[in-house]
Structure formats: structure tokens, C-alpha cells
Amino acid sequence: MATTISRQRLLAYIEKEQIAFQFVDGLITFTQPETSMYDDEHDEAEVNDMKHAIKHSQSMKVVRPEDVIGYSNSHIGFNEFVRWSQPKDLLVLVDDCLLLCLPNYENYNELFKEVA
């Protein structure tokens, strides 16, 4: 049995918990699930783009900071974001173009599903 990230569970988690994320060559953006209010229209658009990218992704994988910093395409711009993250954070790379940072989450198991 292999373990994969459930899109539905990840999107449900994002709806209730704040996360940080960054698109390739983009800025770090934070979700605002408690209010769903954004001061900046660009941030709101980025959050919508992030959710769309997850819904239509071809690959999602948990990565370690050294996986992303040592990435063969190290010019992609995630290095500062990864250095900013904390050891307890879960980093998820989506289609090699979006990095999610789920902060200090204790039970990441709810995001995963077993597949045959």
C-alpha cells in the first residue's frame, strides 16, 4: 500500500487552518480562513489560484527543506521560503510549481489516504 495526499482532505484543511504558500517566483502568501477577508485583491487571487492548482494537480509530494533547497531547479525561488519554515512544518510541493507550508501541525495523517 502506498500513501498519497488526498486533494479533498488538503483543501478541507486549508479551509479551516492558515497556511503559507508560494508559487514559483512568487511571493509568500498566507490564507485567512478565520475571516476569508483579504486586504489585497492580489492575495485573494493567489489563494484562489493555489486552490485551483491543488484541485487540478498532477503530483503532490511531501518534501524536506533540503529536497527543495538542493532541487535541480534551484533557481525556482523556494529557497528563502524553505529557510523561513520551521522543522515541525509540513512542506508539500505541488506540480513543482507551488510550495505549501502547513505550520506546526501535529496530526498530518488526516491529509493522507492509502492507495493500492
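At 27% relative accessibility, Asp-95 counts as partly exposed, and this residue makes a convenient entry point into the predicted model described here. Asp-95 sits in the loop between β5 and β6. Its phi is near 50 degrees, a positive value in a residue other than glycine. Asp-96 belongs to the loop between β5 and β6 as well, and its phi, near 55 degrees, is again positive in a residue other than glycine. With a relative accessibility of 33%, Asp-96 also counts as partly exposed. The two strands that flank this loop form a hairpin, with three residues between them.

From the hairpin, the view can be widened to the whole chain. The chain contains four helices and seven strands, and along the sequence these follow the pattern β-α-β-β-α-β-α-α-β-β-β. Of the 116 residues in the chain, 41% are buried. The accessible surface comes to about 7,100 Å², and carbon and sulfur atoms account for 48% of that area. Among contacts between residues at least 6 apart in sequence, 61% join residues at least 24 apart.

Next comes the sheet. Five strands make up an open sheet in the order β3-β2-β6-β5-β4, with antiparallel pairing. Strands β3 (29–30) and β4 (60–63) stand at the edges; each has a single partner strand, so one side of each is left without a neighbour in the sheet. Helix α2 (residues 41–55) packs on the sheet and touches β2, β3, β4, β5 and β6, and its direction makes about 80 degrees with that of β2.

The pairings can be followed strand by strand. Strand β4 is joined to β5 by four bridges, and the two run antiparallel; here Val-63 has Leu-91 of β5 as its bridge partner. Strand β5 (residues 90–94) is in turn joined to β6 by five bridges, again in the antiparallel sense, and Val-94 stands opposite Leu-98 in β6. On its other pairing, β6 meets strand β2 (residues 20–23) over four antiparallel bridges, where Phe-21 has Leu-100 as its bridge partner.

How many of the residues of strand β6 are buried? For β6 (residues 98–102) the count is five of the five, so this strand is largely enclosed by the rest of the structure. The cover extends to both faces of β6: Leu-98, Leu-100 and Leu-102 are buried on one side, and Leu-99 and Cys-101 are buried on the other.

These residues lead on to the interior. In soluble globular proteins, nonpolar side chains tend to be buried together. In this model, the largest nonpolar core has 22 residues, and those with the most contacts inside it are Leu-10, Met-50, Ile-54, Leu-98, Leu-100 and Leu-102. At least two residues of this core come from each of α1 (7–16), β2, α2, β5 and β6. Leu-10 shows how such contacts reach along the chain: leaving aside residues up to four places away in sequence, Leu-10 touches Ile-5, Ile-54, Met-60, Leu-100, Leu-102 and Leu-111. A second, separate core has 10 residues, including Val-68, Leu-91, Leu-93 and Cys-101. Strand β6 thus appears in both descriptions, with Leu-98, Leu-100 and Leu-102 named in the largest core and Cys-101 named in the second.

Aromatic rings add a further layer to the picture. With ring centres required to lie within 6.5 Å, the count comes to three aromatic pairs. Phe-21 and Phe-23 form an edge-to-face pair, at 6.2 Å centre to centre and with 90 degrees between the planes. Both of these phenylalanines, Phe-21 and Phe-23, are buried. Phe-81 and Trp-84 form a stacked pair, at 5.7 Å centre to centre and with 20 degrees between the planes. Both lie in helix α4 (residues 79–84), where Phe-81 and Trp-84 are three residues apart, about one turn of the helix.

Is each member of this stacked pair buried or partly exposed? Phe-81 has a relative accessibility of 1% and so counts as buried, whereas Trp-84, with a relative accessible area of 40%, is partly exposed. Phe-81 and Trp-84 also join Phe-30 in one aromatic cluster.

Terms used
Residues numbered from 1 in each chain as written. Predicted model: local features only at pLDDT ≥ 70, side-chain atom pairs only at ≥ 80, totals over all residues. Heavy atoms only, no water. Phe/Tyr/Trp six-rings, centres within 6.5 Å; stacked < 30°, edge-to-face > 60°. Buried < 20%, exposed > 50% of the residue type's maximum accessible area, 1.4 Å probe, protein only. Pairing = 2+ DSSP bridges. Contact = heavy atoms within 4.5 Å. Axes fitted to C-alpha atoms, helices over the stretch in contact; angles between N-to-C directions. Areas by Shrake-Rupley, 256 points an atom, 1.4 Å probe, with all protein chains shown as cover. Core = buried A, V, L, I, M, F, W, Y, C linked by side-chain atoms within 4.5 Å.
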